[in-house]
Amino acid sequence: MKIPSLPEIERQSLRKWNDKRSAVVFTTEQVWDLVKDQLDIFPHQKFYVAEATKPTMDHFVNQAEGEVVYGIGGGLAIDTAKYVAAHLKKSLFAVPTVLSTDAFLTDATGVRINGCVRYLASKSPDLVLVDIDLLCRAPIVMRTNGAADVLSIATGMWDWQYAQDTGKNPSNQMIESHAVEIGNAILKNLIKNAKEIGNGTAAGMKVLFDLLCLEVQLCYLCGHSRLEEGSEHHFVYSLENFLNEHALHGDLVGLGILLMSALQDQEWQPYQTTLEQLRINYRPPGVTEKMIINTLVGLSAYVKEHQLPHTIAADRNITTDLAISTIEEVLG
Ligand SMILES: [Zn+2]
């Protein structure tokens with residue numbers, strides 16, 4: 001069994017970096033305006049990325065020409081750069097400008113296929129350039145969004161244990177008590193430091209960065225992502241089919257954590273406090289009560305249709321009344 005590991009990480013000011021090779025850059029317009037004067041590279045080509053679909057990424061693979069590939073920005077830009085660099089067999093540099101996801105640490109690219117999210121093998125960055133001061137200056141609405149993917153241990157791990165107790169875990173995904181204990185320690189540290197992270201201090205950003213690294217490495221050691229990806233993510237994948245506008249992944253996951261932890265009969269209030277301290281908006285604009293009700297009521301059919309790992313979502317019969325009372329409970 002081959003166990004992947006975290007990419008090499010360089011923590012330094014972007015201004016200290018320079019690269020004379022011709023680069024293919026994947027970013028967004030807003031991010032490029034922010035970093036272009038700080039980063040001494042030669043962008044032979046620059047692509048602004050707006051969606052995570054396989055046809056778009058394949059299009060970029062056909063267009064891209066350069067010696068090295070850069071992904072600069074949040075999850076979408078970096079995930080796209082990973083896919084293109086893997087297909088062109090080029091060196092890849094990731095420059096996260098916001099801790100909105102853990103995409104800069106992982107070796108797969110999330111894409112939407114037939115109404116669900118699937119992970120395509122791509123590649124880890126050859127080097128991740130991390131400028132903590134830049135991360136502190138990211139827009140508040142997305143600055144700590146990746147923390148939702150750490151907080152989702154609260155519901156993901158509950159689901160993993162539930163599947164174990166009901167005999168539904170496949171033989172290669174059995175619960176391991178040490179992994180659960182380490183997962184709990186990561187979760188506990190996020191909750192403890194949520195205020196500092198939410199305030200966007202250098203110390204807070206460093207903690208969040210470290211927790212994302214620890215979580216990704218723990219998932220690699222387990223060989224799957226069950227400890228951080230459970231019914232709260234399945235809720236998000238389904239809800240996205242009802243949305244008319246883009247919403248931040250962490251905001252949607254935050255909402256999913258609150259709803260699913262209530263449906264798991266967990267004490268959900270500490271998670272709500274944590275999300276508020278992190279300044280993650282679990283009431284994303286564009287998500288209506290009707291969309292949430294439809295998602296919850298259809299969730300059990302959705303997870304079966306897409307053959308997602310076993311969680312409470314498969315077994316709990318969520319009626320319209322239960323959906324409404326759960327929404328009222330956690331969103332008031
Ligand atoms: Zn996620």
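**Notebook: salt bridges and cysteines**

I started with Lys-123 and Asp-126, whose side chains meet in a salt bridge at 3.0 Å or less, namely 2.9 Å from N to O. Scratch the "3.0 Å or less": the value for this pair is simply 2.9 Å, N to O. The rule I used: a salt bridge is a side-chain nitrogen of Lys or Arg within 4 Å of a carboxyl oxygen of Asp or Glu. Asp-126 is partly exposed, with a relative accessible area of 36%. For that word I kept these cut-offs: buried is under 20% relative accessible area, exposed is over 50%, and partly exposed lies in between (1.4 Å probe, protein chains only).

A note to self on what I'm looking at: this is a predicted model, where local features need pLDDT of at least 70 and side-chain atom pairs count only at pLDDT 80 or more, while totals for chains, interfaces and linings use all residues. Residues are numbered from 1 along each chain as its sequence is written, and side-chain values use heavy atoms, with hydrogens and water left out.

**More salt bridges**

How many salt bridges does the rule give? I get eight. The idea behind them is that side chains of opposite charge can pair when their charged atoms come close.

Next I checked Asp-58 and Lys-54, which form a salt bridge at 3.0 Å, N to O. Both sit in helix 2 (residues 54-63), four residues apart, and that is about one turn of the helix. I took helices (H or I, at least four residues) and strands (E, at least two) as DSSP runs, numbered from the N terminus. Asp-58 is partly exposed at 25% relative accessibility, and Lys-54 is partly exposed too, at 33%.

Then I looked at Arg-112 and Glu-240, with a salt bridge of 2.2 Å, N to O. This pair links distant parts of the chain, 128 residues apart. Arg-112 is in strand 6 (residues 108-113), and Glu-240 is in the loop between helix 10 (231-239) and helix 11 (249-263). I found Arg-112 partly exposed at 29% and Glu-240 partly exposed at 24%.

**Cysteines**

A disulfide is a covalent bond between the sulfur atoms of two cysteines. My test was a pair of cysteine sulfur atoms within 2.5 Å. I found zero disulfides in the structure. Cys-116 is in none, and its nearest cysteine sulfur, in Cys-219, is 17 Å away. Is Cys-116 buried or exposed? Buried, with a relative accessible area of 0%.

Why is Cys-136 without a bond to Cys-213? The closest cysteine sulfur, in Cys-213, is 16 Å from the sulfur of Cys-136, so the two are too far apart for a bond. I noted that Cys-136 is buried as well, at 15% relative accessible area.
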